[in-house]
Structures are given as structure tokens and as C-alpha cells.
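Please open the structure in your viewer and keep the selection tool at hand. The tour goes step by step, naming what to select and then saying what is there.

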Amino acid sequence: MEFKKFIHKKPYLIAGPCSAESENQLLTIAKAVEGTADVFRAGIWKPRTKPNSFEGVGKDALTWLKTIQKETTLKVATEVATAKHVELCLESGIDMLWIGARTTVNPFYVQEIAEALRGVDIPVFVKNPIHPELGLWLGAFERLEKVGVKQLAAIHRGFYSYEKVAFRNDPKWEIPIKLRKEIRDLPIICDPSHISGKSALVEDIAQTAMDINLDGLMIETHYNPSLALSDAEQQVTPVELNSIMSNLVLRDTKLRDEEFKCQLLNFRNQIDNFDTKIIELLNNRKEVVEHIANFKNENRLTIFQIDRWFEILNTRKENANLLGVDEQMVEEIFALIHKYSILTQTKIMRK
Ligand code: PEP
Ligand code: MN
């Protein structure tokens with residue numbers, strides 16, 4: 001594939017709110033990120049999982065983005081999901097566009113968007129499809145390249161997972177690495193906001209993205225995230241954005257290093273996911289313990305039943321032996337679990 005390079009800085013930073021809410025909101029945030037960010041983002045048409053959520057203010061916000069272009073040095077970008085969106089953005093002179101994760105999954109939509117962009121020379125970012133299918137992501141770039149879009153970049157925003165995972169969207173770092181192998185010169189921007197789902201975790205993901213040598217970041221930023229009409233939990237303030245950017249450690253990496261780091265990250269990701277499950281199971285266990293406490297209370301039973309404790313200890317140790325897990329470790333873990341179970345029951349009975 002043939003590209004026209006439009007990213008000349010590393011890390012390239014796209015920042016701005018999840019959604020455009022008012023002209024004033026956009027201007028306040030844009031002024032605050034000017035100087036740190038290269039591009040200002042704001043969603044106008046919002047693909048929401050459920051109806052009756054805030055679905056964006058629509059085309060009115062295009063004039064607000066024009067105000068940002070006039071009053072700041074920032075380029076502006078928004079999400080397009082249909083050919084009509086593309087037309088409206090081109091009429092308004094929006095600088096850059098991105099295709100969202102819910103659109104990349106559908107080749108019909110991507111083709112329609114591509115047709116609307118035929119012969120247009122503006123940068124287009126393509127977010128990964130919601131599920132981890134590299135082919136669909138690659139296909140979207142091929143469709144855009146065929147109609148003559150040469151300024152292309154990818155956005156890695158993580159993948160939906162049926163399993164309980166540590167983040168809102170599982171990063172699956174091996175996928176952007178594979179994309180890099182398939183399309184050598186394609187810049188890849190990481191979106192730690194949609195991966196993490198929580199503002200406190202954005203910095204860590206952003207650093208990881210830099211460690212595997214991705215080219216930039218898209219970070220959702222709002223002057224008051226708690227007031228945001230969408231994705232309130234994952235947006236950072238402009239002050240936090242500044243601190244994230246200045247804390248980033250940039251290392252020189254070679255591809256061999258990237259693969260090594262990617263393998264390490266995948267192992268860590270598996271451990272994160274197991275730990276999330278362990279905590280979830282402990283919580284499920286605690287809920288049952290609370291029911292037991294009420295039950296014992298109603299039936300005037302004592303909390304601590306010595307026979308039951310020995311039974312727990314012996315069966316867990318037997319299980320550990322069967323699976324080849326250290327018996328001593330299992331005994332210590334269950335002693336702790338049991339201790340907290342007794343504490344939980346005591347609290348309930350004293351109520
Ligand atoms: C967004 O960028 O606000 C958005 C909707 O992202 P995604 O398509 O990654 O879910
Ligand atoms: Mn969002």
C-alpha cells in the first residue's frame with residue numbers, strides 16, 4: 001500500500017471530549033489542550049449501545065468545530081459512520097475523520113464511506129473492529145486506499161471480550177503488532193481511554209503503547225469529566241492530560257524488542273484477567289457468606305463450626321494436590337479467606 005505521511009511527530013496526540021456537547025465546552029477544552037495536542041477530537045454522531053442514551057448533537061456541532069479551527073492552532077477531527085456524515089464534514093472543512101469500531105466491523109458501511117471519500121485528500125483514521133479480527137481492519141484500509149485516500153492511520157482501541165477482563169476493552173497487543181507487520185508504514189495510534197474505561201488507568205496503557213513503539217495517542221479529555229454526557233468515567237482533565245504526556249517515557253525500540261515486549265504483555269494481560277476473575281469469585285463467595293450469616297442468625301447457630309473448617313481445609317488441600325498446586329500455599333490462602341468470612345459473618349450478626 002502506498003501512503004502519504006502526515007504524522008511528523010511522536011507521540012502524535014489527539015485529545016478532546018468523547019462528545020461535542022456545546023460550543024463553549026469544546027472551546028474551553030480546546031484552549032486547554034492547545035500546545036499539548038496536535039488534533040482536537042469530538043464525537044458529533046455517537047454510536048451508543050442502547051437507545052435513549054445521548055446520541056450526539058449532530059451536524060450543529062460542525063460549526064463549533066470550525067470555531068476551534070479559527071480560534072486555536074489545532075486541527076479538528078470527528079467520527080463518521082455514513083456517507084452523509086462524510087459529505088457534511090467535507091462541506092464544513094473538517095480536517096480529519098475517523099471511522100469508529102462499530103463501523104469498521106461492517107464492510108458495507110466502510111465501502112460507502114470510502115466511496116464518499118473518493119479522490120479526497122484528508123487524513124482518515126480507522127479504529128479496530130470491536131472484535132479481534134485483523135482481516136476486517138486490514139480490509140478497511142484496502143477499501144480506503146483503493147479510492148485514493150493516502151493519508152491513513154490506525155487507532156487501536158481494544159477489543160470487546162465475553163470473558164471478564166481487567167479493562168473495558170481487552171488490549172490484545174498482539175493485534176496492532178500484527179497490523180504493523182502487515183502494513184509496514186501505517187502509523188498506529190493507541191486509544192487508552194476506550195481500552196481502559198477508567199481515567200486512572202489511562203497513563204499506564206499510554207506508556208505501554210509507547211513501549212511497543214506505537215506512534216501516538218488518542219485521549220478523551222473533558223474540563224469536568226463527571227459532567228460528560230458520554231464516557232464520563234474514562235475522560236481525563238486537561239491538567240491530567242498534561243501530566244500523562246510529560247510522564248511518558250519514550251524509548252528507542254527495534255522490532256525484535258517489540259515482539260519480545262508484546263509476548264511479555266500478553267502474559268501480563270492473561271495474569272491481569274485471571275486476577276480480575278479471582279477478585280470477582282471472592283466477591284461471589286462473600287455474597288454467599290452473607291446469606292449464610294443471616295441463615296445462621298435466624299437458626300441461632302454459632303458462626304464458627306470447627307468440623308466445617310477442617311472439612312474446608314482438607315478438601316481444598318486434596319484439590320490442590322490433585323492439580324499439582326502447592327498445598328501449603330492453598331492452606332494459607334484459605335486460612336485468610338476463612339478469617340475474612342468469619343469477620344463478615346460477625347459484622348452481620350452484630351447488626
Ligand atoms: C469514541 O471515540 O468516542 C468512540 C465511540 O470510540 P469507539 O469507536 O472506539 O468505541
Ligand atoms: Mn468515547
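Begin by colouring residues 12-247 as domain 1 and residues 258-349 as domain 2, which are the two ranges that the domain assignment gives for the chain. As you do so, keep in mind that this is a predicted model. If you place a marker at the centre of each domain, taken over C-alpha atoms, the markers for domain 1 and domain 2 will be 41 Å apart.

Next, turn to the place where the two domains meet, and select the residues on each side of it. On the side of domain 1 there are 17 residues in contact with 12 residues of domain 2, and between them the two domains bury about 1300 Å², of which 57% is on carbon and sulfur atoms. How many salt bridges cross the interface of domain 1 and domain 2? The rule finds 1 salt bridge there, and it also finds 3 residue pairs in polar contact across this interface. Now select Glu163 and Lys277, which form a salt bridge with their closest N and O atoms 2.8 Å apart.

For the last stop, select ligand 1 and show the residues around it, which include Cys18, Arg41, Trp98, Gly100, Arg157 and His194. Sorted by class, this shell around ligand 1 consists of 7 charged, 3 nonpolar and 2 polar residues.

Three distances to oxygen atoms of ligand 1 can then be displayed in turn. From Lys127, choose a polar side-chain atom, which lies 2.8 Å from a ligand oxygen; from Ala101, choose instead a backbone N or O atom, which lies 2.9 Å from one; and from Glu220, choose a polar side-chain atom, at 3.2 Å from an oxygen of the ligand. Finally, switch on a surface for the protein, which covers 97% of the 300 Å² of accessible area that ligand 1 has on its own.

Methods: Residues numbered from 1 in each chain as written. Chains lettered and ligands numbered in written order. Predicted model: local features only at pLDDT ≥ 70, side-chain atom pairs only at ≥ 80, totals over all residues. Heavy atoms only, no water. Near = heavy atom within 4 Å. Polar contact = N/O pair within 3.5 Å; in protein donor to acceptor, adjacent residues only side chain to side chain. Areas by Shrake-Rupley, 256 points an atom, 1.4 Å probe, with all protein chains shown as cover. Nonpolar A, V, L, I, M, F, W, Y, C, P; charged D, E, K, R; others polar. Domains from an automatic or database assignment. Contact = heavy atoms within 4.5 Å. Buried area = accessible area lost by both parts, 1.4 Å probe. Salt bridge = Lys/Arg side-chain N within 4 Å of Asp/Glu carboxyl O.
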